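Please examine the sequence and the structure shown below. The paragraphs that follow lead through some of the ways in which its helices and strands are arranged.

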Amino acid sequence: MAMVYGAEQKARRDVERSQKATLRRLLRSCARTEFGREHGIRGGESYAEFAAKIAPAEYESFRPLAERMLRGEKNLLWPGACRRFAQSSGTSGGKSKYIPLPDRSLQRCHYAGASYSLASYLHYYPDSRVFGGKSFILGGSYANELNDLPRGVRVGDLSASLIDRINPLVNLFRIPDKHTALLPDWREKLPRLVEASLRADVRSISGVPSWFLTVLKEVLKAAGAENIHDVWPHLEVFFHGGIAFGPYREQYTRITSAGKMHLWENYNASEGFFAVQEIPDSPEMGLLMNADVFYEFIPVDHPEAEPLPVWLTVPGEIYELVITSSNGLWRYRLGDTVRVCGSQPVTIVIAGRTKSYINAFGEELMVHNAEAAMTKVCALTGADVADYTAAPVYAATGTRGRHQWIIEFNRLPACGVEEFARQLDLQLQRENSDYQAKRAGGIFLDPLEVTVASKGLFDSWLASTGKLGGQRKVPRLCPDRRIADALLGKNKL
């Protein structure tokens, strides 16, 4: 672990040198692909030449090649055949994205990032006893809706491939077993997770905060306890990522003993492992230079500007993140925004998304999902909607999280508001695979609720903010409750 920590720290002391070396390695591979040949990549380009040949692009530009890779074709976005793909929420071109996971990406990016996260934690807590017991790693499955995949091709959650390909030695220290970890049905999986962990000496937990909270509540129920340290007295750290931890902090505080569990944040996604918390109780994360990712940044205030390499970013500014990595995504617009906090080494905090979304529970619900679902349900029910917005409602004692939709109707649905809400929930599951996964079995996310807005509510709220008129609109999806609560405060129904 000390060697892993030292190598990353050395790379981060000279960001420009490290990033240029990463780009050279990646371009040598790009030159051996159909994508590289189409863009004239030879493998020895400078950064300026690389930027001139390939324009930044969103997933839809890569979808045709990625879906050909799914069917077994070789040397398209990355050299050779790719047998694993991470399924993530889709763009306007489809319900799901399929992110290639070549072996090199798994080893040099995802596993390397996880190793550095652990090494960074141990650097600050050298007296840790995390290896004295078990690591409880929560993962997803290979559930997908694709048909006739070639033999050996596996598509599902990123975590499923990470668990499936993990070094066998790690299995000596982790729970649950691989079979349980990869179960697709959470109604079967959840009790097995409780059984596997209830009497184990759990020292660390790793996963998405919303998912793990559900598991911990079931463990506490089975143990007849109110504090997780009464069940796992040596639990010391939660390695978390995927969604913001803030909304869950109070709930975790209620079920843990003060000062006994550290929180260690990671910035990882289906597309890569990008940054790791390095200082206890700090929101800043260190951008990884040894994770086979080349980073670029588009200023949020000037979205038409050319991306900047990481060594030219300005601390304090907010940027849209663009990545080039060994998963075969070249100048890929990730959709995340980050604020650069420091340079040499580069530190960041996640600022949000480039488009409206809700990702309070790992569901990654996007505006195009909401618009498509609303259009179809209105046609189905005869409703006419004037305006709407949606926001998360976080779990409380005895309840799970859910989405609240505040809708101003020109014409109410003939079937009633409750049936409209049920149909909207079903349609969102058809439009978005991550929302569907979180709703499966009613384990992580409750059905959405619809609150009817009084006539003129949205215009009234916009007027109160000085934004009524012109092209001003209420965001369809909001990752927090600020707008929803302000609207409800004015709702006269």
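In this predicted model, helix 1 and helix 2 (residues 15-30) pack with their axes 5 Å apart, at an angle of about 105 degrees. Angles of 65 to 115 degrees count as roughly perpendicular, and helix 1 and helix 2 are therefore roughly perpendicular to each other. On the side of helix 1, Lys10, Ala11, Arg12 and Arg13 take part, and they meet Val15, Arg17 and Ser18 in helix 2. The residues of this contact comprise 4 charged, 2 nonpolar and 1 polar.

Helix 1 (residues 2-13) also packs with helix 6 (residues 103-124); here the axes are 9 Å apart and the angle is about 100 degrees. Helix 1 and helix 6 are therefore roughly perpendicular to each other. Helix 1 contributes Val4, Tyr5, Glu8, Gln9 and Arg12 to the contact, while helix 6 contributes Ser115, Tyr116, Ala119, Ser120, His123 and Tyr124. Of the residues in this contact, 5 are nonpolar, 4 polar and 2 charged.

The strands come next. Strands of a sheet pair through backbone hydrogen bonds, in either a parallel or an antiparallel manner. One open sheet consists of 3 strands in the order 18-19-20, and its pairing is mixed. Strand 18 (384-393) and strand 20 (449-452) stand at the edges with a single partner strand each, so one side of each has no neighbour in the sheet. From one strand to the next, the twist averages 25 degrees. Strand 19 (residues 402-411) and strand 20 run parallel and are joined by 4 bridges. Ile407 has Val452 in strand 20 as its bridge partner. Helix 16 (residues 457-464) packs on the sheet and touches strand 18 and strand 19, its direction making about 110 degrees with that of strand 19.

How values were computed: Residues numbered from 1 in each chain as written. Predicted model: local features only at pLDDT ≥ 70, side-chain atom pairs only at ≥ 80, totals over all residues. Heavy atoms only, no water. Axes fitted to C-alpha atoms, helices over the stretch in contact; angles between N-to-C directions. Helix = DSSP H or I, 4+ residues; strand = E, 2+ residues; numbered from the N terminus. Parallel < 35°, antiparallel > 145°, perpendicular 65-115°, else oblique. Contact = heavy atoms within 4.5 Å. Nonpolar A, V, L, I, M, F, W, Y, C, P; charged D, E, K, R; others polar. Pairing = 2+ DSSP bridges.
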